[in-house]
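Colleague: Hey, I'm new to this one. Could you pull it up and walk me through it?

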Amino acid sequence: MDRLKRYRVACTLTFGDIYGQIIIWIIVILLSLAAALALMGAQQPIYALTTVGLILVVSLPFLLFAFVTTLLNHIELRPLEASAETTAVAPADLSFGKPAINPS
């Protein structure tokens, strides 16, 4: 039976990759709260709660889709070389967002 190749999974996602998405989500939340306060001031509390709920329910799938696709775009599978299969990488050599480099 052929030996399966081994792969290294590396996630290169950084905070800067999702920073814009977080800013847009905060803007959506603030706009929905502003609309709710405006409707509360107009003596229509049921419409205020409905507005906030509708905006959150409609925008949440788009937010999750954006996060998941961004994450999947930053996952890399790299085949390991024959020499790298037997050597272990020390935990001190690992860094966030970058694959570990073997010093050999």
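Modeller: Sure, let's go from the overall layout down to single residues. One thing up front: this is a predicted model.

Colleague: Good to know. How many helices and strands does the protein have?

Modeller: There are three helices and two strands. Reading from the N terminus, the order of the elements is β-α-α-β-α.

Colleague: And what share of the residues counts as buried?

Modeller: The protein has 104 residues, and 12% of them count as buried.

Colleague: OK, on to the helices. At what angle do H1 and H2 pack?

Modeller: About 175°, and their axes lie 8 Å apart. Helix H1 covers residues 15-41, while helix H2 covers residues 45-73.

Colleague: So what do I call that, roughly parallel or roughly antiparallel?

Modeller: Roughly antiparallel, because an angle over 145 degrees counts that way, and H1 and H2 sit at about 175°.

Colleague: Why do you give me both an angle and a distance?

Modeller: Because two packed helices are described by the angle between their axes along with the distance between those axes.

Colleague: Fair enough. What kinds of residues make up the contact of H1 with H2?

Modeller: The contact of H1 with H2 has 19 nonpolar residues, five polar ones and one charged one.

Colleague: Can you give me a pair of residues to look at?

Modeller: Try Leu37 and Leu49. They are 12 residues apart in sequence, and their C-alpha atoms are 9.6 Å apart in space. Leu37 belongs to helix H1.

Colleague: Is Leu37 buried or exposed?

Modeller: Exposed: the relative accessibility of Leu37 is 64%, and the cut-off for exposed is over 50%.

Colleague: Switching to the surface. Which residues make the nonpolar patch?

Modeller: Phe15, Tyr19, Ile23, Ile26, Ile27, Leu30, Leu31 and Leu33 make it, and the patch comes to about 790 Å².

Colleague: Where does Leu33 sit, and how accessible is Leu33?

Modeller: Leu33 is in helix H1. Its relative accessibility is 43%, so Leu33 counts as partly exposed.

Colleague: Last topic, charges. How many salt bridges does a search of the whole structure find?

Modeller: One. The side chains of Arg78 and Glu76 form a salt bridge, with 2.4 Å from N to O.

Colleague: What are the relative accessible areas of Arg78 and Glu76?

Modeller: Arg78 has 36% and Glu76 has 27%. Arg78 is therefore partly exposed, and Glu76 is partly exposed too.

Colleague: Great, thanks!

Conventions. Residues are numbered from 1 along each chain as its sequence is written. This is a predicted model: local features need pLDDT of at least 70, side-chain atom pairs count only at pLDDT 80 or more; totals for chains, interfaces and linings use all residues. Side-chain values use heavy atoms; hydrogens and water are left out. A salt bridge is a side-chain nitrogen of Lys or Arg within 4 Å of a carboxyl oxygen of Asp or Glu. Buried means under 20% relative accessible area, exposed over 50%, partly exposed in between (1.4 Å probe, protein chains only). Axes are lines fitted to C-alpha atoms, for helices over the stretch in contact, and angles run from 0 to 180 degrees between N-to-C directions. Helices (H or I, at least four residues) and strands (E, at least two) are DSSP runs, numbered from the N terminus. Ala, Val, Leu, Ile, Met, Phe, Trp, Tyr, Cys and Pro count as nonpolar, Asp, Glu, Lys and Arg as charged, and the others, Gly among them, as polar. Patches are made of residues with over 30% relative accessible area and no salt bridge: like charges are joined within 9 Å, nonpolar side chains (Val, Leu, Ile, Met, Phe, Trp, Tyr) within 5 Å. Accessible areas come from the Shrake-Rupley method with a 1.4 Å probe; for residues, only the protein chains shown count as cover.
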